[in-house]
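I am keeping notes on what I look up in this structure. Each entry covers one part.

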Amino acid sequence: MTVLLPRDKNASRNIKPEKSLSGLTSADVNLNKPRDINQPSILSSDKKINDKVKKVFIKTYGCQMNVYDSERMVDVLSPIGYAAVETPENADLVILNTCHIREKAAEKVYSELGRIRQLKKKVNPEMKVAVAGCVAQAEGSEIKRRAPVVDMVLGPQTYHKLPEMIAKVHRNSGEVLETDFDTLEKFDNLPESRQVKGFSSFLTIQEGCDKFCTFCVVPYTRGAEVSRPVGQIINEARNLASQGVREITLIGQNVDAYSIMGPNSKQWGLGELISHVALIGGIDRLRFTTSHPRDMDDDLISILGKEPKLMPYLHLPIQAGSDKVLKAMNRGHTYEEYKTLIVKIRKSRPDIALSGDFIVGFPGETESDFQQTMKCVEEIGYASSFSFKYSVRPGTPGASLPQQVSEDVKSDRLKRLQDLLYSQQLAFNESLVGRTLNVLIENVGREENQLFGRSPYLQGTHFNGPADLIGQIRPVLITKAGRNSLSGELMQK
Ligand code: SF4
């Protein structure tokens, strides 16, 4: 087991001012767009694969930060002749982009590496194998010791070094392990343009976390809170717009902790950044995630009410309703403070829909503490949510707390909580029946003539219409609602 040691919180924080505005270029763990983080995703490329093109297969686990990172790895590898493929069998390079947030994450990676070892032995002996992401950061060289099939281990802040790491592997020149925490070096060395598919894209603006919640490994695997320079973000957003992207989700482990000296020599927070990204032509919708209640400042709350491109949906985790548990989790706020914040947010943006994260069975949580979480959900009301049983993360303070709660009790509490949360989600969706919502049309649906898109509240929405509307934002009258999706009829503009 790797013991995770607290790092120097100030080691890589960036406060450098930028020179000029011309040429302008936060886990909780569940980011805005719903995604089952237990289901890995596979990247593919439209690039025609011929014998000269090298093939990279990337399997992505975890949150949207990892989805973004995997896309950027393809951008880094593309200039040296790689294209993404959908299966590992004939890949020259297999990358597992791992997540450390769920229980037994490392063990799951080792099982997957066992399968890859068989594949390499039987089908493709020349295949190179890399482990990236948060498990790579936490386990380090232990991975190569336990799984000799692995050629490279790289932490989340080092994937810009992939080309030199691959060259080193081919030269057989020693251990290829990169687990630095220099987030800014990574962003400085990524290709300026991105290859994107589709009309909605993530854009990382901030990484790392200084909050040290006692259940979470992120501060140890992603490093300190670091904000990307404004110019880089604006350039990347413009590049996305030029490729037809209509919706950008600004992402970060603590996205609302975004803070950097702006081009006008003033400190910019997320609110200021959003108001500038919103000026980019072609970008019609903006979202941001994941926010921390302690970092939702008045500027951001005010922008929520003023900026029409910002969608009325906010993921703002609380984790638990009991002050005693919030303190043990080191969340840094009470339930009353959270509630006061929600009142302010709803005053600024009355149509906002809220999403939250919840953990049940944190060490020491009694039935009465759990009832506080139920009360919180009843009082606040959530349109969507992510809820889990607490599970121990080795190396985090929570792992050594006394009074661990039994699995049976955790399962019972999770069921009661989810019954409530899911009934709220269904009720919210049903409240939209009869309303007309603007839907960003992303693709064809499963049925003939059917289209699929996302509402302002992020629900998947199905309706009939011609495929040439894909990529457009169109009004849809909602006629039917389920817990996870909406159906409707396309309206005239
Ligand atoms: S330590 Fe807390 S605030 Fe930071 S990423 Fe983890 S859960 Fe979120």
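**Entry 1: a parallel sheet**

I began with strand 11 (residues 247-251), which pairs with strand 14 in the parallel sense over 5 bridges. I looked for one pair in particular and found that Glu-247 has Arg-285 in strand 14 as its bridge partner. The model I am reading is a predicted one.

I then looked up the whole sheet. It is open, with 3 strands in the order 8-11-14 and parallel pairing. Strand 8 (200-204) and strand 14 (285-289) are at the edges with a single partner strand each, so one side of each has no neighbour in the sheet. Neighbouring strands here are turned by 25° against each other on average, direction ignored.

Which helices lie across strand 8 and strand 11? I noted helix 1 (residues 64-77), which runs at about 95° to strand 8. I also noted helix 8 (residues 230-242), which runs at about 165° to strand 8.

As a reminder to myself, strands of a sheet pair through backbone hydrogen bonds, either parallel or antiparallel.

**Entry 2: another open sheet**

Next I looked up the sheet with the order 15-16-17, which is open, has 3 strands and is paired in parallel. Its edge strands are strand 15 (313-315) and strand 17 (384-389), and each pairs on one side only. From one strand to the next the twist averages 10°.

Strand 16 (residues 353-360) runs parallel to strand 17 and is joined to it by 6 bridges. In one of these pairs, Gly-356 has Ser-385 of strand 17 as its bridge partner. Helix 14 (residues 407-430) packs on this sheet and touches strand 16 and strand 17. The direction of helix 14 makes about 175° with that of strand 17.

**Entry 3: helix 13**

I checked the length of helix 13 (residues 367-380). Its 14 residues reach 20 Å from the first C-alpha to the last, close to the 20 Å expected at 1.5 Å a residue.

Which residues of helix 13 are buried? I listed Asp-369, Phe-370, Thr-373, Cys-376 and Val-377. Seen down the axis of helix 13, these buried residues fall within an arc of 105°, so they line one face of the helix. The general background is that an α-helix has 3.6 residues a turn, so residues three or four places apart point the same way.

The buried residues of helix 13 pack against helix 11 (323-328), helix 12 (335-348), strand 16 and helix 14. On the other side of helix 13, I found Glu-367, Ser-368, Glu-378 and Glu-379 exposed. After the helix comes Gly-381, with a positive phi near 80°.

**Entry 4: two packed helices**

I looked up how helix 10 (residues 298-306) meets helix 12. They pack at an angle of about 35°, and their axes are 8 Å apart. Helix 10 contributes Ile-301, Ser-302, Leu-304 and Gly-305 to the contact, while helix 12 contributes Lys-344, Ile-345 and Ser-348. By type, the contact residues are 3 nonpolar, 3 polar and 1 charged.

**Entry 5: one residue and one strand**

I picked Glu-430, which is found in helix 14. Is Glu-430 buried or partly exposed? Glu-430 is partly exposed, because 15 other C-beta atoms lie within 10 Å, while a buried residue needs 20 or more. Its C-alpha atom is separated by 5.2 Å from that of Ala-481, 51 residues apart along the chain.

Last, I looked at strand 2 (residues 54-60). Of its 7 residues 5 are buried, so strand 2 is largely enclosed by the rest of the structure. Strand 2 runs parallel to strand 3 (residues 82-84), and 3 bridges join them.

Note on methods: Residues are numbered from 1 along each chain as its sequence is written. This is a predicted model: local features need pLDDT of at least 70, side-chain atom pairs count only at pLDDT 80 or more; totals for chains, interfaces and linings use all residues. Two strands pair if DSSP finds at least two bridges between them. Helices (H or I, at least four residues) and strands (E, at least two) are DSSP runs, numbered from the N terminus. Axes are lines fitted to C-alpha atoms, for helices over the stretch in contact, and angles run from 0 to 180 degrees between N-to-C directions. Two residues are in contact if their C-beta atoms, placed from the backbone, lie within 7 Å. The expected span of a helix is 1.5 Å times one less than its number of residues. A residue is buried if 20 or more other C-beta atoms lie within 10 Å of its own, exposed if 12 or fewer, and partly exposed in between; C-beta atoms are placed from the backbone. The arc is that of the directions from the helix axis to the C-beta atoms. Ala, Val, Leu, Ile, Met, Phe, Trp, Tyr, Cys and Pro count as nonpolar, Asp, Glu, Lys and Arg as charged, and the others, Gly among them, as polar.
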